[in-house]
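Subject: The structure I promised you

Hi there,

Here is the structure for you to look through, with my notes underneath. Have it open in your viewer while you read.

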Amino acid sequence: MSEKTFERGNDRIGQLRKLPGMAQAVEAMRQEAAEADRVYAMSLAMIRDAGELTQVEVARRMSVNQGQISKLERRDDMLLSTLRHYLEATGATDASISVTIRGRHVQVPLADLGLEIAS
């Protein structure tokens, strides 16, 4: 029986990067992730812009400061209740979560999750 030895994760990543094409594949994935983060942040700001509101106005409605709204719009993860509060502050109505599963489009209104948006 051969004895397994501990291998540091960074050492293993270094070995994998040496494989032909692996470094390029990893860099492509990093760029895709960065673009997804940018689009996500843009989307929240776009919702606020559609309501013709500034970050300061949304902050006032949420009882926070403008810097917190800026951070919120750049976050890559948040609670649904935080999202609901942000959407309410922007004046959004009929908010829903939309996903595609096995080619089937499913839309669930936030109200169905107990996260009703004020009209």
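The protein chain has 5 helices and 2 strands. Read from the N terminus, its elements follow the order α-α-α-α-α-β-β. Please keep in mind that this is a predicted model.

Some overall values to begin with. The protein chain has 119 residues, and 20% of them are buried. Its accessible surface is about 9200 Å², and carbon and sulfur atoms hold 53% of that. If you take the contacts with a separation of 6 or more, 49% of them are between residues 24 or more positions apart.

Now to the helix packing. Two packed helices are described by the angle between their axes and the distance between the axes. For helix 3 (residues 55–62) and helix 5 (residues 80–90), the angle is about 115 degrees and the axes are 9 Å apart. This crossing of helix 3 and helix 5 is right-handed. On the helix 3 side, the contact is made by Val58, Arg61 and Met62, which meet His85, Tyr86, Ala89 and Thr90 of helix 5. By type, the residues of this contact are 4 nonpolar, 2 polar and 1 charged.

Arginine 61 is worth selecting in your viewer. It sits in helix 3, and beyond its neighbours within four places in sequence it is in contact with Leu53, His85, Ala89, Thr90 and Gly91. Arginine 61 and glutamate 88 are 27 residues apart along the chain, while their C-alpha atoms are separated by 8.8 Å.

Two other residues can be followed towards glycine 91. Isoleucine 47 belongs to helix 2 (residues 22–50). With a relative accessible area of 32%, isoleucine 47 falls between the limits of 20% for buried and 50% for exposed, so it is partly exposed. Leaving out residues up to four places away in sequence, isoleucine 47 touches Leu87 and Thr90. Its C-alpha atom is separated by 9.2 Å from that of glycine 91, 44 residues apart along the chain. Glutamate 52 is found in the loop between helix 2 and helix 3, and it counts as exposed because its relative accessibility is 73%. From the C-alpha atom of glutamate 52 to that of glycine 91 the separation is 9.7 Å, with these positions 39 residues apart along the chain.

On to the strands. Strand 1 (residues 96–101) and strand 2 run antiparallel and are joined by 6 bridges. Threonine 100 has histidine 105 of strand 2 as its bridge partner, and serine 98 stands opposite glutamine 107 in strand 2. The hairpin formed by strand 1 and strand 2 has 2 residues between the strands, and arginine 102 in this hairpin takes a positive phi near 50 degrees.

Is strand 2 buried or in the open? Strand 2 covers residues 104–109, and the number buried among its 6 residues is 0, so it lies largely in the open.

Last, a word on backbone angles, as you may want to look at them yourself. Most residues other than glycine have a negative phi, and most peptide bonds are trans. Besides arginine 102, with its positive phi in the hairpin, here are two loop residues to look at:

- Serine 63 has a positive phi, near 60 degrees, although it is not a glycine. It lies in the loop between helix 3 and helix 4 (66–74). Its relative accessibility of 67% is over the 50% limit, so serine 63 counts as exposed.
- Aspartate 94, also a residue other than glycine, has a positive phi near 55 degrees. Its place is the loop between helix 5 and strand 1. Aspartate 94 is exposed because its relative accessible area is 72%.

That is what I have for now. Happy browsing, and write back whenever you like.

Best wishes

Note on methods: Residues numbered from 1 in each chain as written. Predicted model: local features only at pLDDT ≥ 70, side-chain atom pairs only at ≥ 80, totals over all residues. Heavy atoms only, no water. Buried < 20%, exposed > 50% of the residue type's maximum accessible area, 1.4 Å probe, protein only. Helix = DSSP H or I, 4+ residues; strand = E, 2+ residues; numbered from the N terminus. Pairing = 2+ DSSP bridges. Axes fitted to C-alpha atoms, helices over the stretch in contact; angles between N-to-C directions. Left-handed = near helix turned anticlockwise from the far one by under 90°. Contact = heavy atoms within 4.5 Å. Nonpolar A, V, L, I, M, F, W, Y, C, P; charged D, E, K, R; others polar. Areas by Shrake-Rupley, 256 points an atom, 1.4 Å probe, with all protein chains shown as cover.
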